[in-house]
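Please open the model in a viewer and keep the sequence panel in sight. The stops below say what to select and what is found there.

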Amino acid sequence: MIAAANQDLWQDGAACGKYFQVTCTGATNQGVPHPCTDSPTVTVMITDFCPPPGCKGDLDLSHEAFSTIADPRAGGIKISYQQYV
């Protein structure tokens, strides 16, 4: 389970290899109205940088990580996250 981090989280590569626990908290009013799965939390490792303007949020989850916590048809979701120690 992997993800790319936005510029603030990336910190010139310092976030690479760190783990974050990501939880689906709801819909973004686009796509599926109730996108979160019954297992809405996943742990991901940061492996890449998601540069602006392509990065629409803090984290860009891999398809595998996204589909674990949300319906892939949602396209985008609201999340909460914290570094996993």
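Which element gives the largest share of the lining of the largest pocket? It is strand 4, with three residues. Keep in mind throughout that this is a predicted model.

**Stop 1: the largest pocket**

Begin at the pocket itself, which has a volume of about 330 Å³. Its lining is made of 15 residues, and to find the centre, select K56, G57, L59, G76 and I77, the closest to it. Next, colour strand 4 (59-61) and strand 5 (77-84), the elements that give two or more residues to this lining. Sorted by class, the lining holds seven nonpolar, five polar and three charged residues.

**Stop 2: strand 1 and its two partners**

Now select strand 1, residues 2-5, together with strand 3, residues 41-49. The two run parallel and are joined by four bridges. For one example, show A3, whose bridge partner in strand 3 is I46.

Add strand 4 to the selection. Strand 1 and strand 4 run antiparallel, with three bridges between them. Here the residue to pick is A5, which stands opposite L59 in strand 4. L59 was already on screen at the pocket, as one of the residues closest to its centre.

**Stop 3: A3 and S62**

Stay on strand 1 and centre the view on A3, which is found there. Is A3 buried or exposed? Its relative accessibility is 3%, so A3 counts as buried. Show everything A3 touches, apart from neighbours within four places in sequence: V44, M45, I46, T47, D48, D60, L61 and S62. D48 in that list is 45 residues from A3 along the chain, yet the two C-alpha atoms are separated by 6.8 Å.

From that list, move to S62, in the loop between strand 4 and helix 2. S62 has a relative accessible area of 18%; the cut-off for buried is under 20%, so S62 is buried. Leaving out residues up to four places away in sequence, S62 touches I2 and A3.

**Stop 4: strand 2 between its partners**

Select strand 2 and strand 3 next. They pair in the antiparallel sense over five bridges. Then add strand 5, which is joined to strand 2 by eight bridges, also running antiparallel.

Which residue of strand 3 is the bridge partner of Y19? It is M45. Y19 also stands opposite Y84 in strand 5, so displaying Y19 with M45 and Y84 shows a bridge to each of the two strands.

**Stop 5: the largest nonpolar core**

Hide the rest and display the largest nonpolar core, which has 20 residues. The members that touch the most others are V22, V44, I46, L59, L61, I69 and I77. At least two residues of this core come from each of strand 1, helix 1 (7-10), strand 2 (19-27), strand 3, strand 4 and helix 2 (63-69).

Select V44 from this group. Not counting residues up to four places away in sequence, V44 touches M1, I2, A3, K18, Y19, F20, V22, L61 and A65.

Then step to V42, which lies in strand 3. V42 counts as buried because its relative accessibility is 7%. With neighbours within four places in sequence left aside, the contacts of V42 are M1, F20, Q21, V22, A65, T68 and I69. M1 and V42 are 41 residues apart along the chain, and their C-alpha atoms are separated by 7.9 Å.

**Stop 6: backbone details**

The last stop concerns the backbone. Most residues other than glycine have a negative phi, and most peptide bonds are trans.

Where does a cis peptide bond occur? Select P52 and P53: a cis bond joins them, with omega of about 0°. P53 is placed in the loop between strand 3 and strand 4.

Finally, go to the loop between helix 1 and strand 2, which holds Q11 and D12. Q11 has phi near 50°, a positive value in a residue other than glycine. D12 likewise has a positive phi, near 55°. Are these residues buried or exposed? Q11 counts as exposed, at 52% relative accessibility, and D12 counts as exposed at 80%.

Key. Residues numbered from 1 in each chain as written. Predicted model: local features only at pLDDT ≥ 70, side-chain atom pairs only at ≥ 80, totals over all residues. Heavy atoms only, no water. 1 Å grid on protein atoms, 1.4 Å probe; cavity = no way out; pocket = protein on both sides within 12 Å on 5 of 7 lines; lining within 4 Å. Points joined across faces, edges and corners; volume = space filled by probe spheres on them. Nonpolar A, V, L, I, M, F, W, Y, C, P; charged D, E, K, R; others polar. Core = buried A, V, L, I, M, F, W, Y, C linked by side-chain atoms within 4.5 Å. Buried < 20%, exposed > 50% of the residue type's maximum accessible area, 1.4 Å probe, protein only. Contact = heavy atoms within 4.5 Å.
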